[in-house]
Amino acid sequence: VFAGVRFTLAGILVLIFASIKEWKVMIPDREILKYAVPVCLAQTVGQYFFFYIGVAHTSGVKGAIITGLGNFIAILLSCLAFRSERMTGRKIAGCVLGFAGVVVINLMGNSLDMGFKLIGEGFILIAQLSYGMSTVLINLFSKKVSPVVLSGTQFTMGGIVLTLMGGRLGNITTGGLSIIFYLALVSAVAYTLWSILLAWNDVSKVAIFGFVNPLCSVILSALILGEVKQAFNVGSLVALVLVCAGIYIVNRRKN
């Protein structure tokens, strides 16, 4: 329900922004809804329904590592299932390096057991499949309709569905409302920019940057939570080099 409120608000913010930009009220029409529904089911509903349940039933390390597979899955689906771009050795190498960086950053000082539960690790993997599918769909549909309106519409619909799945917000405070608004703004800005990038670029060129997420988390933890020793060490440096190398290899232009 927390995610539902957050994403509903994010969608409304995006549609308000689109309306201001176009100087008219951007009400989704039948054409937008035709593309927004499958994106909504894959990204907001499918991804976050399985992700939140899965994270609650596994360790943070395994959850973060499996989440890193989402970028790899998006590229594989784009190349092999939808054939919207060609699979190359550079793309495979970039994904392997990026994923290696995610593994390194999450295994620093942590142990990793090989246990696997459907409701834990399995659900997180399903969430990443949903993420990969939504990334490819956004890439395809954003060429047909406005990526900004598409993003705002699917967020609003998906958020309402998640909110109606049950649960309730208990102790509502001014601070809590501020946090929800902030997180909604984060989603509105980040995912709308993501949709615009996917409208103009191959999935592989954009999805590979997803491997930067865990590095940003570590750096922000150091700056905000004071976890300096955990963030600035050899392991973090190795992870940074691996991820950057993967991004460079996938996006490098031939002479």
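## Helix packing and a small cavity

In this predicted model, helix H5 (residues 118-141) packs against helix H7 at an angle of about 60°, and their axes lie 8 Å apart. Angles that are neither under 35 degrees, nor over 145, nor from 65 to 115 count as oblique, and H5 and H7 are therefore oblique to each other. Which residues make this contact? On the H5 side they are Tyr131, Thr135, Ile138 and Asn139, while H7 brings Trp194, Ser195 and Leu198. Sorted by class, the residues of this contact are 4 nonpolar, 3 polar and no charged.

Helix H7 (residues 174-200) also meets helix H1 (residues 2-22), and here the axes come within 8 Å and cross at roughly 55°. That makes H1 oblique to H7. The crossing of H1 and H7 is right-handed. From H1, the residues in contact are Phe2, Val5, Arg6, Phe7, Leu9, Ala10, Leu13 and Val14. Their partners in H7 are Ile180, Phe181, Leu183, Ala184, Leu185, Ser187, Ala188 and Thr192. This contact between H1 and H7 divides into 13 nonpolar, 2 polar and 1 charged residues.

Now let us turn to another pair. Helix H4 (residues 89-107) and helix H11 (residues 234-251) pack at an angle of about 160°, with 7 Å between their axes. An angle over 145 degrees counts as roughly antiparallel, so H4 and H11 are roughly antiparallel to each other. Is their crossing left-handed or right-handed? The crossing of H4 and H11 is left-handed. H4 takes part through Arg90, Lys91, Ala93, Gly94, Leu97, Gly98, Ala100, Gly101, Val104 and Ile105. H11 answers with Gly235, Ser236, Val238, Ala239, Leu242, Val243, Ala245, Gly246, Ile249 and Val250. By class, the contact of H4 with H11 has 12 nonpolar, 6 polar and 2 charged residues.

Here are the three pairs side by side.

| Helix pair | Angle between axes | Distance between axes |
|---|---|---|
| H5 and H7 | about 60° | 8 Å |
| H1 and H7 | roughly 55° | within 8 Å |
| H4 and H11 | about 160° | 7 Å |

Next comes the empty space inside the model. How many cavities of 30 Å³ or more are there? The count comes to 1 cavity, and the largest cavity has a volume of about 30 Å³. Val39, Gln43, Ile138, Leu150, Ser151, Gln154 and Ser195 line the largest cavity. Helix H2 (30-55) and helix H6 (147-163) are the elements that give two or more residues to this lining. The largest share, 3 residues, comes from H6. By class, the lining has 3 nonpolar, 4 polar and no charged residues.

Two names link this cavity to the start of the report. Ile138 of H5 and Ser195 of H7 belong to the contact between those helices, and Ile138 and Ser195 also line the largest cavity.

Definitions and conventions
Residues are numbered from 1 along each chain as its sequence is written. This is a predicted model: local features need pLDDT of at least 70, side-chain atom pairs count only at pLDDT 80 or more; totals for chains, interfaces and linings use all residues. Side-chain values use heavy atoms; hydrogens and water are left out. Axes are lines fitted to C-alpha atoms, for helices over the stretch in contact, and angles run from 0 to 180 degrees between N-to-C directions. Helices (H or I, at least four residues) and strands (E, at least two) are DSSP runs, numbered from the N terminus. A crossing is left-handed if the near helix is turned anticlockwise from the far one by less than a right angle, and right-handed if clockwise. Contact means heavy atoms within 4.5 Å. Ala, Val, Leu, Ile, Met, Phe, Trp, Tyr, Cys and Pro count as nonpolar, Asp, Glu, Lys and Arg as charged, and the others, Gly among them, as polar. On a 1 Å grid over the protein atoms alone, a cavity is a set of points where a 1.4 Å probe fits but cannot get out, and a pocket is an open set with protein on both sides within 12 Å along at least five of seven lines; lining residues have an atom within 4 Å of a point. Grid points are joined across faces, edges and corners, and a volume is the space filled by probe spheres set on the points.
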